[in-house]
Amino acid sequence: MWSLPSNLQVYLALGATDLRKSIDGLAAVVQERYGLDPFSASLFVFCNAKRDKLKILYWDHAGFWLYYRRLERGTFRWPDGDARSPLCLSPRELRWLLDGLALTQRQAHKAVHAEAVV
């Protein structure tokens, strides 16, 4: 995935979104359903009902980027919640989600302190 600035806002559209929508349709969802500015320095992330596809909408000063990801196996661990308000994430949490991790996990792997290399 591309490198994201650490101060970038990331909004997850909870619930399922019809991913037949293109840039204009998704920008309308951002503006009308959530009351957010699709032209802000933010990523807006949408997932389908099967949770195996997602789209990310991003405005970059001269136009929109629309990223699309389809999993060949498995599903995204998309959080449940009220579809009327988005979930705000950090870019790091978005990377976790894209890598198949749950956002609700409490900690990373415990550190292993090895004393010898075999």
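How exposed is C88, by relative accessible area? I started there, keeping in mind that this is a predicted model.

**Cysteines.** I found C88 partly exposed, with a relative accessible area of 41%. I then looked up C47, which counts as buried because its relative accessibility is 0%. Next I checked for disulfides, and the count came to zero. For that count, a pair of cysteine sulfur atoms has to lie within 2.5 Å.

**Hairpin.** I moved on to strand 3 (residues 53-59) and strand 4 (residues 64-70), which pair in the antiparallel sense over seven bridges. I picked out L57 and found that its bridge partner in strand 4 is L66. The two strands form a hairpin with four residues between them. In that turn, H61 caught my eye with a positive phi of about 60 degrees.

**After strand 4.** I followed the chain into the loop between strand 4 and strand 5 (87-89) and stopped at R73. R73 counts as exposed, because its relative accessibility is 79%. I also checked R73 against D52: they are 21 residues apart in sequence and 7.8 Å apart in space, C-alpha to C-alpha.

**Cores.** Which residues have the most contacts inside the largest nonpolar core? I noted V10, L12, L43, V45, L54, W78 and L94, in a core of 17 residues. Strand 1 (9-12), strand 2 (42-47), strand 3 and helix 2 (91-98) are the elements that give two or more residues to this core. I then came to a second, separate core of eleven residues, with Y11, V30, F46 and L57 among them. So L57, which I had already met as the partner of L66, turned up again in this second core. A reminder to myself: in a regular strand the side chains alternate between the two faces of the sheet.

How values were computed: Residues are numbered from 1 along each chain as its sequence is written. This is a predicted model: local features need pLDDT of at least 70, side-chain atom pairs count only at pLDDT 80 or more; totals for chains, interfaces and linings use all residues. Side-chain values use heavy atoms; hydrogens and water are left out. Two strands pair if DSSP finds at least two bridges between them. Buried means under 20% relative accessible area, exposed over 50%, partly exposed in between (1.4 Å probe, protein chains only). A nonpolar core is a set of buried Ala, Val, Leu, Ile, Met, Phe, Trp, Tyr and Cys residues joined through side-chain atoms within 4.5 Å.
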